[in-house]
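Visitor: Could you pick a single part of this structure and walk me through it closely? I'd also like to hear what surrounds it.

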Amino acid sequence: MTTISDQTFSSALELEKALAEAAFRGDLVLTSTARLSRRILHCFRLERTKGKEQGWKTPTVFGFNRWVINTFESLWEPYRPLSRSAALRLWDEATQGVELVEGLRRGPFLYQQLQDSFDLLMRSGQSLLGSATGHILPDWRRGVFGHFLALLEKNQYIPWGNILKRVGEAVQEGRITLPGNIILAGYDEFSPMEETLVDSMARRSKVTLYRASKNPDENVKARVYATPEQECQAVCAEVINSWNNGQKRLGVVFLDGD
């Protein structure tokens with residue numbers, strides 16, 4: 001990746017303050033989550049109202065994914081971003097073209113698992129197709145992926161990984177106007193496809209990575225559950241138990257964006 005500046009702040013509050021100041025300067029602020037971008041916009045609004053201002057131009061603060069989608073739509077490509085409902089419909093059609101492996105059942109759960117695998121392979125830059133390996137499930141999945149990719153092309157849908165690629169190409173070719181300063185906030189690392197896009201941006205603008213320092217905690221514990229449902233149940237039970245024991249300032253942080 002092209003070298004970008006890196007600024008680490010002592011706390012999340014200091015990070016928010018610095019991002020609000022960047023918004024005041026007119027920098028493009030892109031955050032790892034939509035929640036953080038809303039928080040920065042809220043801080044910006046509070047500062048404006050404190051100054052007795054009646055109106056102001058909304059700063060360029062977006063969740064990174066939202067900015068990518070907005071930018072892609074501005075390119076007027078002939079393809080539509082793949083929605084969740086459209087993906088489920090196409091996975092249903094794609095699985096009809098390959099004999100179902102014993103033990104699998106067609107339905108939303110299987111289609112979501114296929115979509116998760118598809119997204120993971122795209123983000124990591126791995127091949128979606130390739131030759132047979134002799135392993136039943138991966139080979140079946142590759143066959144389904146082939147049908148799915150053909151359906152995407154036929155119906156003019158574009159998956160997230162290819163949206164990142166198209167936007168990166170447009171940035172590289174100068175078809176997208178970028179400001180002089182871009183702030184990326186809340187990231188510890190990027191997926192390979194995100195990294196390629198950020199690299200293209202850094203070739204044209206000054207890109208700075210803002211993040212808050214991590215406080216050392218010797219009491220960190222990790223638990224692994226068999227299914228996402230068990231994990232959700234355990235988290236909810238722990239939140240309720242903490243609340244009942246008088247801990248009122250609680251928050252749940254999702255470490256995996258999915």
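Guide: What follows is a close look at one helix, and then at some of its surroundings.

Before we start, this is a predicted model, so local features need pLDDT of at least 70 and side-chain atom pairs count only at pLDDT 80 or more, while totals for chains, interfaces and linings use all residues. Residues are numbered from 1 along each chain as its sequence is written, and side-chain values use heavy atoms, with hydrogens and water left out.

The chain has 9 helices and 7 strands. Those are DSSP runs numbered from the N terminus: helices are H or I with at least four residues, and strands are E with at least two. Our part is helix α7, residues 160-172. Its 13 residues should span 18 Å at 1.5 Å a residue, and its end C-alpha atoms are indeed 18 Å apart, so the two agree. (The expected span is 1.5 Å times one less than the number of residues.) Just after α7 comes G174, with a positive phi near 80°.

Now look at which residues of α7 are hidden. G161, I163, L164, V167, G168, A170 and V171 are buried. Buried means under 20% relative accessible area, exposed means over 50%, and partly exposed is in between, using a 1.4 Å probe and protein chains only. So what sits on top of them? The cover includes α3, β4 (80-81), α5 (108-124), β5 (157-158) and α8.

One residue of α7 deserves a stop. V167, together with M201, touches the most other members of the largest nonpolar core, which has 29 residues. The elements giving two or more residues to this core are β2 (28-31), α3 (64-74), α7, β6 (181-185), α8 (192-202) and β7 (206-212). A nonpolar core is a set of buried Ala, Val, Leu, Ile, Met, Phe, Trp, Tyr and Cys residues joined through side-chain atoms within 4.5 Å. In soluble globular proteins, nonpolar side chains tend to be buried together. If you skip its neighbours within four places in sequence, V167 is in contact with W67, V68, T71, F72, I176 and L197; contact means heavy atoms within 4.5 Å. A second, separate core has 22 residues, including A86, L114, M122 and L151.

Let's step outwards to the covering pieces. R80 has its charged end over the ring of Y157, 4.1 Å from the ring centre. That label applies if NZ of Lys or CZ of Arg is within 6 Å of the ring centre and within 35 degrees of the ring normal.

Then there's D199, which pairs with R203 in a salt bridge, 3.1 Å from N to O. A salt bridge is a side-chain nitrogen of Lys or Arg within 4 Å of a carboxyl oxygen of Asp or Glu. The two partners sit quite differently: D199 is buried at 13% relative accessible area, whereas R203 is exposed at 56%. You'll find a similar split with D27 and R25, whose closest N and O atoms are 2.8 Å apart: D27 is buried at 7%, and R25 is exposed at 51%. For contrast, R142 and D139 also form a salt bridge, at 3.4 Å, but R142 is partly exposed at 22%, and D139 is partly exposed at 22% too. R142 and D139 are 3 residues apart in helix α6 (residues 136-155), so about one helical turn separates them. The whole structure has 7 salt bridges.

Helix α6 also holds F145, whose ring pairs with that of W91 in helix α4 (residues 84-95), 54 residues apart in the chain. Their ring centres are 5.7 Å apart and their planes are at 50°, so the pair is tilted. Rings of Phe, Tyr and Trp (its six-membered ring) pair if their centres lie within 6.5 Å, and planes under 30 degrees apart count as stacked, over 60 as edge-to-face and the rest as tilted. Both W91 and F145 are buried, and ring pairs link W91, F118, F145 and F148 into a cluster. Overall, there are 9 aromatic pairs.

Zooming right out, 34% of the chain's 258 residues count as buried. Among contacts between residues at least 6 apart in sequence, 72% join residues at least 24 apart.
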